[in-house]
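Please look over the chain shown here. The report that follows takes its strands, helices, loops and backbone geometry in turn.

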Amino acid sequence: MTTTEAKSDTVFGQPLRRKEDAHLITGRTRWTDNIQLPGMLHLAFLRSPIAHAKITVDTAAAASYPGVVAVYSAADFGAEMGFMADAWTCHPDMKKPLNPPLATDEVRYVGEPIAVVVAESRYAANDALEAISVDYDALPAVIDVEAALADGTPLVHDALGTNQCYHLLSPGDSYEAAKAKADVVLKRRFRQQRLIPAAMEPRAVVVVPTVDDFTMYSSTQIPHVLRVLLALITGVSESKMRVVAPDVGGGFGSKIACSAEEIISLLVAKRLALPVKWNESRSESMQTVHHGRDQIQEIEIAAKSDGTLLGMKVDLIADLGAYLRLFTAGVPLFGAAMFNAIYKMEGYQFNCQTVFTNKCPTDAYRGAGRPEATFGAERMMDELAAHLGMDPLELREKNWIKHEEFPFTTISGSVYDSGNYEAATARSKELFGYDELRAEQQRRRESNDPVQLGIGVSTFTEACGLAPSRALGQLNVSAGGWERAEIRVTITGKIQVITGSTPHGQGHLTAWSQLVSDKLGVPFEDIDVLAGDTASSPQGLDTYGSRSLVVGGSAVVKACDKVIAKARRVAAHTLECDEDDLEFANGAFTVKGSPGSKMLIQECAFATHLAHNIPDGMEPSLNSTYTYDPINLSYPHGTHLCAVEVDTETGFSKIRKYVAVDDVGVVVNPLIVEGQVHGGIAQGIGQAMFEEGLYDEDGNLTTGTFVDYLIPSAADLPSYITDRTETPSTDNPIGAKGVGEAGCIASTPAVVNAIVDAVRPFGITDIPMPCTPERVWRAVSEAKKAHPHHGSAHGGAA
Amino acid sequence: MAKITVKVDGVSRSDEVEPRLLLVHYLRDVRGRVGTVVGCDTSNCGACTVLLDGQSVKSCSVLAVQADGSDVLTIEGLASTVDSELHPVQEAFRECHGLQCGYCTPGMIMASVDLLNNNPNPSEQEIREGIEGNLCRCTGYHNIVRAVQTAAATMANGSVGVTA
Ligand code: FES
Ligand code: FES
């Protein structure tokens, strides 16, 4: 850390070991699939093997299979099963196809659920799937997202009359005006390939019915939101439903859903009045948990010859897949305000087309829209730098918002509260050894070394903690941006923190304990956190978009303030002084000027619980709740630098050095922050170099297992050098900015910029992601053929 | 149905099982050792790694009947009770923040124990290659590698375990 020293007198800011680890490292875990109950039935879903077809389903034979209790198709549930939900009307003319949880008469992607078998064991349930008979009357499949927009192309949804969900064009002609003044106009086309989030724990659902209510355990990021959606979709009253997210093995956006399987599990449990369990296989998961990214970007930038950026135009085509999930349609818009990134410019245009195809629906994946935007911006900055013969960091410095210019309203209308791009970049350069590596790159170029060195830059920002609620309302998002916290103070002064933000690996238990320990002056060990259960935590908006600390943590801090205010009344009453005469520090109230007159907050708790002698009319409880609605989003930033060695003869790239300096505002636990950054970098490198969800022309997912879909292993990745600068957010009481997505957003462009930089002397200006050895090798070979005069690494840039 | 006798975490028991039952499902559903988990169906992720007669195996790629007469050690047997001594590898994972959601962790720990049993002083590269068959989506492996290094150092100092 460079600008602020960690506080040493409190647990806040300390790299404390996580409280949640003890049960995870000993296997004493509570995964949903661990739950076994007497009489429990197991579900297995029959899924379409065909991308687009009319169907007729016959379940009779399967129903008489050994161990099978029931088999249901859409006809058995009818209107009872409702339709899948979407949460964002992005455009007044937006098309919304109906999506029943089980296909009624038409399937539209491979993996779409058609029927469910209910059996005594998971093996028996799977056995019976093959006995369900389905007639598939194949229809033409729409696979290519651009072809889908052409006239006369078959339709994914006949009833909509088009494959376009909506077309949004930002108003005004500021970009054209800026372009008129430009010396340089550069245009590139980038592909954000389809990614599969692949949390390590596959999805699992258990539903336990009682007489007239239900408990659902689900491997979900959003138990609170899920409960509301289930109520809206199935008509089962919200007050009769408890949703629990026990230990959840990762999400990355893929568990923000009210899935068909959750809806059907609930209906089956209701119908049979027995507990049911569904646990998906990895192959099922790859086909049907929503996918991420999948956009084509055409970006044009206009600049002066001295490198001054004038404007940017973004033409986006987003592949939504076959149906709308919660934020499918909105994901491209999460990026709309982020393409301009950290740069000042006069003109901006955003033009977005969203398209249905016969593929698995897309939705939020770690970063949701912001990685795509940051990639476009950071790749373009490197392209412009190369075109002008400038150092890419120098070009960025020329155009970024200076630290003294904050708060800053960007061309797309966001208000960045604070930032210091200079500090993060300087630190990053130093840790990287930027100048030495540039010198080495030069030497390798001059000596025509078959192994070239590339240096990639990514000076990114992102937007975390989607809010305020009012702004979301103006954007027609069917969700608020608030979060709720409750502090319960027990008679002996122990604390229970109840949070509406639901963890799936982020370490809320530890971070919240640190926050509360610091605020209330209660020992870290005396604090417990309850999360992920709508019975203990009745309201919340859960975990996504790096909102937990920024929004959920702020709610915790505000609830603590209310506890302190109540305790202050009790202390003033007991110590017989004015409330204003009390100072509160390290868990104790002292009377100003007489330090001997003192009352611990635990003593206030005890006195309050006894209620023998508290102020007249005071409620005998220190318990407090706070629902916090932020005033703005937060904008963490950072500079990531990557050095890649590219073997120009084999196309093999190896990351030689990776430096990440992130500024996520005030840090509660640096260990957790670092861990989030590491994991994010790895996922971003996955996109840059390894991962791609591919469909064949018939709409079969050809990367449907971990054999074909390569998520990086330890052997594929380097160790990272990480550090931080700290520019507190001025818009929330903690000063935190959010970190969950940062690494994932920053690393993809850093790595691709590095690989392109390595082979740029061959005249190469882009390599489509993932930059596999095959693709790099092909690009080099083709460039050598096309530009024989370059012929070598020394050949000069395009 | 087939009759098998398997010692799991020190406890021997006989069970009637379907011949096709996977060892991982036997451990979880029959023997209640739910610490070992399933992450894939192609033997790629390593979430289900246990020690079978001292060697790490992916228990999703072994049939329960193949384990007849064997000795299986799962994550729950590595530290035999909640309050007992943690294995140095478990301790190091906690110390180095080598886990986030924790889903890969039991398998990762078992694979690391096997790695260190065979190579008590591995280089970073050897660690990375040694746990290549275990996928983690959360940590980026950086802290897992550090945890294995830390455990190697602890074990080299002659300590077999540290108190939880
Ligand atoms: S579950 Fe055994 S390797 Fe994935
Ligand atoms: S800690 Fe989540 S998969 Fe490894």
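## A buried strand

In what sense do E1(A) and strand E5 (residues 113-119) of chain A pair, and over how many bridges? The pairing is antiparallel and runs over six bridges. Within it, A:Leu43 faces A:Val118 of E5(A). This is a predicted model.

E1(A) has a second partner in strand E12 (residues 276-279) of chain A. Here the sense is parallel, with three bridges. A:His42 sits opposite A:Lys277 in E12(A).

Strand E1 covers residues 41-47 of chain A, and seven of the seven are buried, so the rest of the structure largely encloses it. A:Leu41, A:Leu43, A:Phe45 and A:Arg47 point to one side of E1(A). A:His42, A:Ala44 and A:Leu46 point to the other. Both sets are buried.

## Overall build

Chain A holds 20 helices and 28 strands. Its C-alpha atoms fill a box of roughly 90 × 75 × 50 Å along the principal axes. The radius of gyration is 28 Å, which agrees with the value near 28 Å for a compact globule of 798 residues.

Of the 798 residues in chain A, 65% are buried. Take the contacts between residues at least 6 apart in sequence: 79% of them join residues at least 24 apart. Chain A exposes about 26900 Å², with 51% supplied by carbon and sulfur atoms. It carries 69 positive and 100 negative side chains, and the centres of these two sets are 2 Å apart.

## A three-stranded open sheet

Strands of a sheet pair through backbone hydrogen bonds, in either the parallel or the antiparallel sense. One open sheet in chain A has three strands in the order E4-E2-E6, paired antiparallel. Strand E4 (106-107) and strand E6 (133-138) of chain A are its edges, each pairing on one side only.

Strand E2 (residues 53-58) of chain A makes six bridges to E6(A). A:Lys54 stands opposite A:Asp137 in E6(A).

After E6 comes a loop that leads to strand E7 (164-169) of chain A and holds A:Asp151. Is A:Asp151 buried or exposed? A:Asp151 has a relative accessible area of 81%, so it is exposed. Its C-alpha atom lies 46 Å from that of A:His678, 527 residues away along the chain.

## Helix H17 and its cover

Helix H17 spans residues 601-610 of chain A. Its buried residues include A:Ile601, A:Gln602, A:Cys604, A:Ala605, A:Ala607 and A:Thr608. In an α-helix, residues three or four places apart point the same way, because there are 3.6 residues a turn.

Both strands and helices cover these buried residues. Among them are helix H15 (508-520), helix H16 (548-575) and strand E24 (594-600) of chain A. A:Ala611 follows H17(A) and has a positive phi, near 60°.

## Unusual backbone geometry

Most residues other than glycine have a negative phi, and most peptide bonds are trans. A:Ser546 is not a glycine, yet its phi is positive, about 50°. A:Ser546 lies in the loop between strand E21 (527-530) and H16 of chain A. With 13% relative accessibility, A:Ser546 counts as buried.

A:Asn586 also has a positive phi, near 50°. It is found in the loop between E22 and E23 of chain A. A:Asn586 is exposed, at 71% relative accessibility.

A cis peptide bond links A:Phe406 to A:Pro407, with omega about -5°. A:Pro407 is in the loop between helix H11 (392-399) and strand E16 (408-409) of chain A. The bond from A:Met769 to A:Pro770 is cis too, with omega near -10°. A:Pro770 lies in the loop between helix H19 (742-759) and helix H20 (773-786) of chain A.

Key:
Residues numbered from 1 in each chain as written. Chains lettered and ligands numbered in written order. Predicted model: local features only at pLDDT ≥ 70, side-chain atom pairs only at ≥ 80, totals over all residues. Heavy atoms only, no water. Helix = DSSP H or I, 4+ residues; strand = E, 2+ residues; numbered from the N terminus. Rg over C-alpha atoms; globule rule 2.2 N^0.38 Å. Buried < 20%, exposed > 50% of the residue type's maximum accessible area, 1.4 Å probe, protein only. Contact = heavy atoms within 4.5 Å. Areas by Shrake-Rupley, 256 points an atom, 1.4 Å probe, with all protein chains shown as cover. Lys, Arg positive; Asp, Glu negative; His and termini not counted. Charge placed at Lys NZ, Arg CZ, Asp CG, Glu CD. Pairing = 2+ DSSP bridges.
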